[in-house]
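User: I am new to this structure and would like to go through parts of it by question and answer. Please show it to me.

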Amino acid sequence: METVVSGIRSTGNLHLGNYFGAMKNFIKMQQEYNCYFFIADYHSLTTHPNPQNLHLHVKNVLVEYLAAGIDPEKSTIYVQSDLPEIAELYLLLNMNAYLGELERCTSFKDKIRNNSENINAGLLTYPVLMAADIIIHKATKVPVGKDQEQHLEMARTFANRFNRMYDTEYFPEPHAFNFGTQLVKIPGLDGNGKMGKSEGENNAVFLADSPDQIRKKVMKAVTDAGPTEPNQVKPAIIQNLFDIMKAVSPTSNYQHFDELYNNQQIRYGDFKKQLAEDIIVFTSPIREKILEIGANTDYLKKVAKNGADKARESASKTIKEVREIIGFKSF
Ligand code: TRP
């Protein structure tokens, strides 16, 4: 069975866009592949979180991913920093990662441009750590979005370089993977493209948002003066809200408001009220699980421990073999 690895950024809560995107991918993949999902807390140190925030963020992510559908019986879910083997492979790969190629990486150049007061070696070698994350389990499939394609290309480079250097075929090539067109893209509430937390606080509906927060955000969504002729093409800000409704609501609700729009009888207030209630119905079971799992320290401990144990089994095997290939021998 092929192996899948995906790292989850340890900051930021899950929103509807993540749910219909990455999360759906993960849930499908765990049925078919040997999946490793981990919370990338080593990576997060590049931005210097304080110790308390670091732990809170890791816990949040773990809780939300479990609540949204990662099944620890099917997948291996773990915290990256529980695997010192990753740090060791990162050190080894760093010896064959060249300054030029790291400096040319788009995400690094963006950091220099936008964040010039904290350009550390961790940022420079971020793609090396990411390669270590992936090839430590000899993964061939990595469910990531477009923004990670260059990093994945570099992971292939480092894996192939290791193989060439030691004249072996030890590491397989990891490739990007997603269910593509089957995934629904969720737009933001403000009409500016996709849902995301960096787009402003009212752009995204988070799975952990309370019903009141959801109502407030949806009612604030910008609309226009209404359709000016029957059956007209909807402008982006309106289409976006319909797209969200299509994803979360019963088909009959969607059809009802689509018809009203086409007849120029739609009242956006009613439309948004219904949308908010449908989002609440959709997210409530997940939100309840978030609250329940978040309060269950014993369960979280058990999941993290089991995940770390399973992941270490695979990682320590790789490290042992890599050490042999490199020529480290004990006396
Ligand atoms: N860089 C990824 C992101 O920002 C997170 C990540 C770290 C990752 N290590 C990984 C993703 C390994 C896939 C595989 O989203």
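User: At what angle do helix H12 and helix H13 pack?

Analyst: This is a predicted model, in which local features need pLDDT of at least 70, side-chain atom pairs count only at pLDDT 80 or more, and totals for chains, interfaces and linings use all residues. Residues are numbered from 1 along each chain as its sequence is written, and side-chain values use heavy atoms, with hydrogens and water left out. Helices are DSSP runs of H or I with at least four residues, strands runs of E with at least two, numbered from the N terminus. H12 spans residues 251-262 and H13 residues 268-295; with axes (lines fitted to C-alpha atoms over the stretch in contact) 11 Å apart, and angles running from 0 to 180 degrees between N-to-C directions, they pack at about 165 degrees.

User: How are H12 and H13 oriented to each other, roughly parallel or roughly antiparallel?

Analyst: The angle between the two helices is about 165 degrees. Angles under 35 degrees count as roughly parallel, over 145 as roughly antiparallel, 65 to 115 as roughly perpendicular and the rest as oblique. H12 and H13 are therefore roughly antiparallel.

User: How far is the side chain of tyrosine 126 from a nitrogen atom of the ligand?

Analyst: A polar contact is a pair of N or O atoms within 3.5 Å. For tyrosine 126, the pair joins a side-chain N or O atom and a nitrogen atom of the ligand, at 2.7 Å.

Key
A polar contact is a pair of N or O atoms within 3.5 Å; within protein, one must be able to donate a hydrogen and the other to accept it, and residues adjacent in sequence count only if both atoms are side-chain atoms.
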